[in-house]
Amino acid sequence: MTNKGALLLKNARLSGRTEPTDVLIRDGRIAAVRPAVDGAGLTAYDCGGKLLMPSFIDPHTHLDKAFLETPREAEGLMDAVFLTMDYQKSVPNGQVQADVLRRGARVLDMELKHGSALVRSHVSVDDIWGMEAFYASCELRRQYAGRVDVQLSVPYHAGFAGAWDEAARAGEIDYIAGYPTVTPDPRAAVDELFALAEKYALPLDLHVDESDAADVSCFRYVLEKTIRHGMQGRVNCSHVTALAAVPDGEAEEAAALAARAAVSVIALPSCNMFLMGRGDRGLVRRGVTRIRELEQAGVNVAIASDNIRDPFRPFGNGDPLEEALLACQILSRGTESGIRSVLNMITVNAARTSGRPGDGVSEGARADVVLLDAPDEKLAVIENAARLLVVKDGRIVGGTKNGI
């Protein structure tokens, strides 16, 4: 058996284990995970007992909105939408793709540096930019191939039906995006989304009930449609902040239905903390969905960065580990096991929202791993540990560690 392209990571600490472990990587896959692997003839790195994790996944971003400068701070969600539209109108038609490429590349460079193997972006398709942001996002995917996988969630627009159809049939659309809650008739919008999913055999990746209002009717309708159409495991629901506003019993019923529908919920703690609860006085709501209740019901929950330095959120560094630190504080999880549960939300759980098995660091899994300068999960999160090695498909693509 040839050792060409093989890589041996020695003396690594794996999540949930205390003993040093060797991880052999060959042909883009993890070939062995055991206490000692013969390193003769292999490129080997001594991990020194540091934490080796599956690479991070950021399953909800907006590459075409990132680093979008506006003249003032948004006063809430819809004001951020209008500020974004004003920016879009300011970009000359022939410069939209270059503009999106420039700003989106900044995010992907940060994600790569921070150990992300996959980033999923919700792409703007609208009357202002048409499909231009989509075409730029496709180019970003090409440019970063082999370093960061880029998935695209793309909303259908009747005005560009021909171009959208061509892109879908060419395999350039990974998920059908949708924003039913902000439409005049959310149920009709959901019906249309499921019809499109059936027509194109594509999964759905939806913004749902991103609101402070105590109304999760749209979320529940999505769940019912998922079951009715047999799309269990092929629907993501992001935000669902309204779930935090309804009474406990109603929330528990919705969480149980979400488990039956086998949807994944992607929470966006940092962005929703910033945007939600703007109208509250005194006791201001945190604006984050009921992660604990969803987990207890058996729902796959991931977290993601959402907007990065734009009108929706002027913060963010394209770093899932930073998002995990904030989520730990919001969820009051500071023990080793509690922090590990949050790290799962940016690794194995996030993989499942992305059509991947979420196998972690195990034999046969994709060789997408990141070595952190920390001995365990708790310190990795608290100290926002440096990324010593970033490995994508078995090839080192980033990090600071020297070979031995």
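In this predicted model, W129 is found in the loop between β7 (116-122) and α3 (132-143). Its relative accessible area is 5%, below the 20% limit, so W129 counts as buried. Once residues up to four places away in sequence are set aside, W129 touches D64, Y87, Q88, V91, V96, D99, V100 and R103. Another residue to consider beside W129 is Q97: the two are separated by 32 residues in sequence, and their C-alpha atoms are 9.3 Å apart in space.

The largest pocket may be considered next. The space within this pocket amounts to about 1,100 Å³. Its lining consists of 40 residues, and those that lie nearest its centre are V81, V125, P155, Y179 and V182. Two or more residues of the lining are given by each of the elements α1 (77-90), β9 (175-178) and α5 (186-200). Helix α1 supplies the largest share, with 6 residues. By character, the lining of the largest pocket divides into 21 nonpolar, 11 polar and 8 charged residues.

Helix α5, one of the elements that give two or more residues to this lining, contains P186. The relative accessible area of P186 is 26%, which lies between the limits of 20% and 50%, and P186 is therefore classed as partly exposed. Apart from its neighbours within four places in sequence, P186 is in contact with P180, T181 and C218. The C-alpha atoms of P186 and V208 are 9.7 Å apart, although 22 residues separate the two in sequence.

The loop between α5 and β10 holds A201. For this residue phi is near 55°, a positive value in a residue other than glycine. A201 has a relative accessibility of 56%, and because this is over 50%, A201 counts as exposed. A positive phi near 55° also appears at N11, again a residue other than glycine. N11, however, has its place in strand β1 (residues 7-14). With a relative accessible area of 30%, N11 is partly exposed.

From the loop that holds A201, the description passes to the strands β10, β11 and β12. Strand β10 (residues 204-208) pairs with β11 in the parallel sense, over 5 bridges. Within this pairing, D205 has N236 of β11 as its bridge partner. The connection from β10 to β11 passes through helix α6 (residues 217-228), and the resulting β-α-β crossover is right-handed. Strand β11 itself (residues 235-239) is mostly covered, with 5 of its 5 residues buried.

Strand β11 is also joined to strand β12 (residues 264-267), by 3 bridges, and these two strands run parallel. Here the bridge partner of S238 is I266, in β12. Together with helix α7 (residues 248-261), β11 and β12 make a right-handed β-α-β unit.

Helix α6, through which the chain crosses from β10 to β11, includes K225. Is this lysine buried or exposed? Its relative accessible area is 8%, which is under 20%, so K225 is buried. When residues up to four places away in sequence are not counted, K225 touches V190, D191 and F194.

In addition to the largest pocket, the structure holds 1 cavity of 30 Å³ or more. The volume of the largest cavity is about 40 Å³. It is lined by S211, D212, T241, A244, A245, R285 and G287. This lining divides into 2 nonpolar, 3 polar and 2 charged residues.

The last element to be described is helix α11 (residues 336-345), whose buried residues are G338, I339, S341, V342, L343 and M345. Against which elements do the buried residues of α11 pack? Their partners are β5 (51-54), α9 (291-297), β13 (300-303), α10 (320-330), α12 (348-352) and α13 (377-382).

Key
Residues numbered from 1 in each chain as written. Predicted model: local features only at pLDDT ≥ 70, side-chain atom pairs only at ≥ 80, totals over all residues. Heavy atoms only, no water. 1 Å grid on protein atoms, 1.4 Å probe; cavity = no way out; pocket = protein on both sides within 12 Å on 5 of 7 lines; lining within 4 Å. Points joined across faces, edges and corners; volume = space filled by probe spheres on them. Helix = DSSP H or I, 4+ residues; strand = E, 2+ residues; numbered from the N terminus. Nonpolar A, V, L, I, M, F, W, Y, C, P; charged D, E, K, R; others polar. Buried < 20%, exposed > 50% of the residue type's maximum accessible area, 1.4 Å probe, protein only. Contact = heavy atoms within 4.5 Å. Pairing = 2+ DSSP bridges. Right-handed = clockwise from strand over helix to strand, strands pointing away.
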